[in-house]
Amino acid sequence: MKSLSKTMKEIMKSQNFGSAYEQMINQVLNDPEVAAFLKNNAQKLSPQAIERGEAKLYEYFHEKQLISKGTATVAPGYSPQLIVNAGQIDVTYVPTKKLIEQQRQAHIKQLVSSINMPKFIHGASFDHFYTEEPYQTETRNIALNAALDFVDQYSPNEFHPGLYLYGRFGVGKTYLLGAIANELAQQKGVATTMMHFPSFVVEMRNSIKTNNIGSKLDAVKKAPVLVLDDIGADAMTTWARDDVLGVILEYRMQEELPTFFSSNFSMDELQGHLTVNVKGEEEPVKASRIMERIKFLSRQYEMAGANLRDKG
């Protein structure tokens with residue numbers, strides 16, 4: 001595709017515009033932004049350079065008009081800018097504020113990765129966390145304030161314990177964790193990995209066949225911020241508890257990486273759940289080891305209230 005300035009030069013060579021051409025160039029030269037550019041660069045541009053640059057000036061003027069009318073341009077999403085290049089007038093194109101914002105939003109979305117999580121987490125925000133009656137409860141407000149404090153105080157250079165949210169189904173635990181992840185992306189540019197832990201265990205078990213457990217486990221355990229959703233939802237095998245969850249928590253505790261949890265169990269109840277394996281055998285020491293790491297990595301908050309899934 002030919003540039004506008006090149007096309008202009010060809011037309012100028014093949015036709016004699018006469019007064020029409022002079023009128024067009026005068027309109028371009030009288031444009032406030034063109035006039036300001038020429039004035040600011042008077043020492044850099046000779047009269048000959050200005051004459052040779054008329055096509056470039058017209059390109060700038062023409063593209064600017066198209067943008068103001070909302071018409072398609074040579075470079076959608078970019079606005080023209082006049083520059084002096086080696087003593088000659090040239091036009092460069094820079095991203096518009098709208099394009100920059102679109103790119104920023106796209107980048108923010110990429111910062112929150114999810115594994116088997118519900119779609120609604122991508123739109124979760126503190127502003128839409130239900131606190132009005134009948135959904136408002138003291139525990140929900142306390143949990144929300146803790147979430148707000150975490151985002152406000154977060155710094156990658158300082159360890160901040162995450163939240164361990166527990167309560168019955170539908171009280172908004174997962175939504176609040178999604179809001180935290182999205183706010184961290186928006187405000188801090190921080191990447192968060194969110195995963196439904198029981199589903200992740202199944203995925204890890206299936207990965208044994210393809211021998212890529214190590215790479216998947218590394219990607220999760222090293223996430224800058226990690227959310228483990230629905231801990232304790234299923235009976236946990238010794239392998240899942242010790243070789244999956246235990247490995248993740250050990251690494252994150254040693255590296256002091258923020259970690260969040262949601263569960264239907266309180267921490268004490270979860271310890272009991274983890275003590276008995278799927279074979280019915282009790283392993284209190286191993287369960288305590290897991291819980292020590294969870295307690296180091298997070299602070300417990302109950303969430304009680306009406307089931308939001310029944311809303312409306």
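## Notes on a predicted model

1. Let's start with Gly 77, which sits in the loop between helix 5 (54–69) and strand 1 (78–85). Keep in mind throughout that this is a predicted model. Gly 77 has a relative accessibility of 29%, so it counts as partly exposed. Leaving out residues up to four places away in sequence, Gly 77 touches Val 94, Pro 95, Thr 96 and Leu 99. For the pair Gly 77 and Val 94, the sequence gap is 17 residues, while the C-alpha to C-alpha distance is 8.4 Å.

2. The strand that follows that loop belongs to a hairpin. Strand 1 runs antiparallel to strand 2 (residues 88–95), and eight bridges join them. If you want a register marker, take Val 84, which stands opposite Ile 89 in strand 2. Two residues lie between the strands of this hairpin, and Ala 86 takes a positive phi there, near 55 degrees.

3. Ala 86 has company on the phi front. Most residues other than glycine have a negative phi. Asp 230, not a glycine, has a positive phi of about 65 degrees, and its place is in the loop between strand 6 and helix 11. Glu 256 is another non-glycine residue with a positive phi, near 55 degrees; look for Glu 256 in the loop between helix 11 and strand 7. With a relative accessible area of 42%, Glu 256 is partly exposed.

4. Those two loops belong to one unit. Strand 6, helix 11 and strand 7 make a β-α-β unit, and it is right-handed. Helix 11 covers residues 238–255. Strand 6 (residues 225–229) and strand 7 run parallel and are joined by three bridges. Within that pairing, Leu 228 has Phe 261 in strand 7 as its bridge partner.

5. Strand 7 has a partner in strand 4 (residues 162–166) too, again in the parallel sense and over three bridges. Here Tyr 166 stands opposite Ser 263 in strand 7.

6. How many of the five residues of strand 7 (residues 259–263) are buried? Five of the five are, so strand 7 is largely enclosed by the rest of the structure. In a regular strand the side chains alternate between the two faces of the sheet. In strand 7, Thr 259, Phe 261 and Ser 263 point one way, and Phe 260 and Ser 262 point the other way. Residues pointing in either direction are buried, so you'll find both Phe 260 and Phe 261 on the buried list.

7. Back to helix 11, this time for its packing. Two packed helices are described by the angle between their axes and the distance between the axes. For helix 11 and helix 13 (residues 284–297), the angle is about 35 degrees and the axes are 10 Å apart. The crossing of helix 11 past helix 13 is left-handed. On the helix 11 side, the contact residues are Thr 238, Arg 241, Asp 242, Leu 245, Gly 246, Leu 249, Glu 250, Arg 252 and Met 253. They meet Lys 286, Arg 289, Ile 290, Arg 293, Ile 294, Phe 296 and Leu 297 in helix 13. Sorted by class, this contact has seven nonpolar, two polar and seven charged residues.

8. Two residues of helix 8 (residues 173–188) deserve a look. Thr 174 lies in this helix and, at 16% relative accessibility, counts as buried. Which residues does Thr 174 contact, leaving aside its neighbours within four places in sequence? They are Met 117, Pro 118, Phe 120, Ile 121, Met 194, Asp 229 and Ser 262. Ser 262 is one of the strand 7 residues in point 6, where it points the same way as Phe 260.

9. The other is Ala 179, also in helix 8. Its relative accessibility is 0%, so Ala 179 counts as buried. Ala 179 touches Ala 124, Ser 125 and Phe 126, not counting residues up to four places away in sequence. Ala 179 and Leu 148 are 31 residues apart along the chain, and their C-alpha atoms are separated by 9.6 Å.

10. Finally, the whole-chain view. The secondary structure comes to 13 helices and eight strands. Of the 312 residues in the protein, 42% are buried. Among contacts with a separation of 6 or more, 75% come from residues 24 or more positions apart.

Notes: Residues are numbered from 1 along each chain as its sequence is written. This is a predicted model: local features need pLDDT of at least 70, side-chain atom pairs count only at pLDDT 80 or more; totals for chains, interfaces and linings use all residues. Side-chain values use heavy atoms; hydrogens and water are left out. Buried means under 20% relative accessible area, exposed over 50%, partly exposed in between (1.4 Å probe, protein chains only). Helices (H or I, at least four residues) and strands (E, at least two) are DSSP runs, numbered from the N terminus. Two strands pair if DSSP finds at least two bridges between them. A crossover is right-handed if, with the strands pointing away from the viewer, the path from the first strand over the helix to the second runs clockwise. Axes are lines fitted to C-alpha atoms, for helices over the stretch in contact, and angles run from 0 to 180 degrees between N-to-C directions. A crossing is left-handed if the near helix is turned anticlockwise from the far one by less than a right angle, and right-handed if clockwise. Contact means heavy atoms within 4.5 Å. Ala, Val, Leu, Ile, Met, Phe, Trp, Tyr, Cys and Pro count as nonpolar, Asp, Glu, Lys and Arg as charged, and the others, Gly among them, as polar.
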